[in-house]
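The exercises below invite you to read a structure step by step, with each task followed by a worked solution. Please look at the sequence and the model before you begin.

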Amino acid sequence: MNDALDVDGTRLAYVDTGSPQVGAPTLLLVHGFPLTNIMWKAQIDGLKETCRVVAPDLRGYGGSSLGGWPEPEGEPSLVRYADDLAALIDHLNADGPVVFAGFSMGGYIAFSMLERHADRLDGLALLDTRAAADNDTARATRLKVAEHVSEWGAARVAELMRPNLFAPGTTASIVQQTVELIASTDPAAIAASQRAMAARPDSTSRLPEIDKPTLVVVGDQDAISPPAEMRSLAEAIPNAQFVEIEGAGHMAPVEQPDAVNTALHEFAATL
Ligand code: MLT
């Protein structure tokens, strides 16, 4: 079911589906940059029998409005997304454990969630993401994209990202769907996310403090959040399991949905 919540005057759209038993886990699926909840279609379809599945569009993406964010004089921060998602979790009134499943930028937001709203979460799934902050080169590239995206258009961002998103064997139709999704994004949302990601802190030193059951998932050919780095991330979290998805690049949930669904299903069943 498509739904929407008003957060401080801004529309936050989300899918809320599934009719599992009372007390079943709620999976909050948080998309990456610059995507929408459409990236989770296979997870929504595949997991709704056993979980309540909630998939928001982050502020500025898909059916969610950007509102006045970032304020003209304000610096965007991932905290904004985390606060939106805390408001959504409160609104959901879940009767079972809540799992925050963050893909890539969604994983960066997970670290803000843990910092500010850890009491809302019972489990964590980090998919194709990183704990480290950007290095100077990556930060400069983001700020350049943020500055120029309104003149370039989102289609150019899609073409810049395409070479790093998929394993070589991924079918052309999957690649094309994702590229079209990125190309349809509001440039203002892209600029805000790029600035927010450029400003994010390094969360590596906080990993040993994570006290939630955690699942770490990565495509074995992920060029953006490489498997070796994600394995180290999992090893630094006290109660984490690590799953490497064969035949997937960065977009593991869309490239190998069955394997990702199995990992999420088995993890949620342990909570
Ligand atoms: C994403 O998939 O969310 C992005 O690749 C994250 C990033 O730009 O670091």
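**Exercise 1.** In which loop is Pro34 found?

*Solution.* This is a predicted model, in which local features need pLDDT of at least 70 and side-chain atom pairs count only at pLDDT 80 or more, while totals for chains, interfaces and linings use all residues. Residues are numbered from 1 along each chain as its sequence is written, and side-chain values use heavy atoms, with hydrogens and water left out. Pro34 is found in the loop between strand S3 (26-30) and helix H1 (41-47), where helices (H or I, at least four residues) and strands (E, at least two) are DSSP runs numbered from the N terminus. The peptide bond that leads from Phe33 to Pro34 is cis, with omega near -20 degrees.

**Exercise 2.** State what is notable about the backbone at Ser104.

*Solution.* Begin with the background that most residues other than glycine have a negative phi. Ser104, which is found in the loop between strand S5 (98-103) and H3, has a phi near 55 degrees, a positive value in a residue other than glycine.

**Exercise 3.** Identify the residues around the ligand and the polar contacts that the ligand makes.

*Solution.* First, list the residues with a heavy atom within 4 Å of the ligand: they are Gly32, Phe33, Phe103, Ser104, Met105, Tyr108, Arg142, Met197, Ile224 and His250. Next, look for polar contacts, that is, pairs of N or O atoms within 3.5 Å. A polar side-chain atom of Arg142 lies 2.7 Å from an oxygen atom of the ligand, a polar backbone atom of Met105 is 2.9 Å from a ligand oxygen, and an N or O atom in the side chain of His250 is also 2.9 Å from an oxygen atom of the ligand.

**Exercise 4.** Describe the pocket in which the ligand sits.

*Solution.* The ligand sits in the largest pocket, as more than half of its atoms lie within 2 Å of the pocket's grid points. A pocket here is an open set of points on a 1 Å grid over the protein atoms alone, where a 1.4 Å probe fits, with protein on both sides within 12 Å along at least five of seven lines, and lining residues have an atom within 4 Å of a point. The largest pocket is lined by 28 residues, of which Arg142, Met161, Asn164, Gln194 and Ile224 lie nearest its centre. Finally, helix H4 (136-152) is one of the helices that supply at least two residues of this lining, and H4 gives the most, with 7 residues.

Conventions:
Polar contact = N/O pair within 3.5 Å; in protein donor to acceptor, adjacent residues only side chain to side chain.
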